[in-house]
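This report covers one protein chain. It begins with a single helix and then moves to the core, the chain as a whole and a few backbone details.

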Amino acid sequence: MILRLLALFLLAAVPAAAQQAPAQTFKLWPGAMPGSGGPPGPENVGEKGSAKGAVTNVTIPRMEIYRPAKPNGAAVLVLGGGGYFRIQIESAAKPMAEWLTARGITAVILYYRLPGDGWNADAPFQDGQRAMRLLRANSAKLGIDPKRIGVLGFSAGGHLAGTLATRGDAVFYPATDVADHVSAIPDFAALIYPVISMRAPIDTTRTFRELKGLPDFRDAFSVEAHVTAATPPVFLAHAADDPIAAPEHSLRLHAAMLAAKRPVELHLFESGGHSFALGKRGTTTTAWPRLFGAWMRNHGWVPAKSDGE
């Protein structure tokens, strides 16, 4: 049944870009998607300024799977940021995918629906859950270990990743097929300059504004409020001078993880601002990918020695 399901997604694959082409591209939903709304126009890739390489008007939520030359069985779902009104693909998600595959890790970039495009405000969480479930349900076919599937998110993507880590078992949509009975909770989560809290006084982000229509959103979508003894290990990286998502976001989640006695590692860099992706030149934020690699090795998700380290 699972193999037939994967075959369905193969047949429903949407065309991938020629540059840095993924091995496979899968639609998340074979039929009708949960929720409502959508953008008025076709998918768009920004060309200027901070929007350069960022995707908006996502109409076909999908996964792009990048396979390493020598896979070690681990996989990471990569979630670009953008305040839930765009997704930073070229500047953050794709460089991260390249970094992961160079180390034998299967990288999966998620194109998720955006409230800023007119979709229902919980659409990102529906798509995030669905992606995690599809990866785990089809792990044998994809050549990945179902117990070594992590998630990594930047900014609002960090909020989505944190929500999967803490509320991955919540009901964001009704089950549609056998894959929806598989766990959507990642085995580990890396949150890079993430938005974490909807609570004052750090409720100033675009992420906050896009989610505020959801019921009880201040508590329901404050990641730190949902940490439990079952929350998977979390890696955090943030710059102290971040003008968009204050470092207090990461500090709140770090404190909640410590209170719950859950594994957590936080790197708070002196400078680097926001959207530093794999690191801003001239700052120590360039160290976070190496630290993340060491963290993964220490937990046993990747081999003790990985190519490129």
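## Helix α5

In this predicted model, helix α5 covers residues 156–167. At 1.5 Å a residue, its 12 residues should span 16 Å, and the C-alpha atoms at its ends are 16 Å apart, so the expected and modelled lengths agree.

Of the 12 residues of α5, 12 are buried, so the helix is largely enclosed by the rest of the structure. The buried set includes Gly 157, Gly 158 and Gly 162, as well as His 159, Thr 163, Thr 166 and Arg 167. Ala 156, Leu 160, Ala 161, Leu 164 and Ala 165 are also among them. These residues pack against three strands, β5 (75–79), β8 (149–154) and β9 (188–192), and against the helices α3 (123–137), α6 (206–211) and α7 (217–220).

## Gly 128 and the α3 side

One residue of helix α3 is Gly 128. Its relative accessibility is 0%, so Gly 128 counts as buried under the 20% cut-off. Gly 128 and Leu 160 are 32 residues apart along the chain, yet their C-alpha atoms are separated by 7.3 Å.

Apart from neighbours within four places in sequence, Gly 128 is in contact with Leu 77, Leu 110 and Leu 164. Leu 164 is one of the buried residues of α5.

## Nonpolar core

In soluble globular proteins, nonpolar side chains tend to be buried together. The largest nonpolar core here has 91 residues, and those with the most contacts inside it are Trp 288 and Phe 292. Helix α2 (residues 89–101) supplies the largest share of this core, 7 residues.

With neighbours within four places in sequence left aside, the contacts of Trp 288 include the aromatic residues Phe 154, Phe 235, Phe 269 and Phe 276. Met 96, Leu 152, Ile 192 and Leu 278 also touch Trp 288, as do Ala 237, Ala 277 and Gly 279. Among these partners, Met 96 falls within the residue range of α2.

## The chain as a whole

The chain has 9 helices and 11 strands. Its radius of gyration is 18 Å, close to the 19 Å that the globule rule gives for 309 residues, so the chain is as compact as a globular protein of that length. Along the principal axes, the C-alpha atoms fill a box of roughly 50 × 45 × 45 Å.

Buried residues account for 58% of the 309 residues. The exposed area of the chain is about 12300 Å², with carbon and sulfur atoms supplying 55% of it. Of the contacts between residues at least 6 apart in sequence, 76% join residues at least 24 apart.

## Backbone details

Two residues that are not glycines have a positive phi: Asn 57, at about 55 degrees, and Tyr 84, at about 60 degrees. Asn 57 sits in the loop between β3 (54–56) and β4 (62–66), and Tyr 84 in the loop between β5 and β6 (87–88). Both loop residues are buried: the relative accessible area of Asn 57 is 17%, while that of Tyr 84 is 0%.

The peptide bond from Ala 200 to Pro 201 is cis, with omega near 0 degrees. Pro 201 belongs to the loop between β9 and α6. Both β9 and α6 are elements against which the buried residues of α5 pack.

Definitions and conventions: Residues numbered from 1 in each chain as written. Predicted model: local features only at pLDDT ≥ 70, side-chain atom pairs only at ≥ 80, totals over all residues. Heavy atoms only, no water. Helix = DSSP H or I, 4+ residues; strand = E, 2+ residues; numbered from the N terminus. Expected span 1.5 Å × (residues − 1). Buried < 20%, exposed > 50% of the residue type's maximum accessible area, 1.4 Å probe, protein only. Contact = heavy atoms within 4.5 Å. Core = buried A, V, L, I, M, F, W, Y, C linked by side-chain atoms within 4.5 Å. Rg over C-alpha atoms; globule rule 2.2 N^0.38 Å. Areas by Shrake-Rupley, 256 points an atom, 1.4 Å probe, with all protein chains shown as cover.
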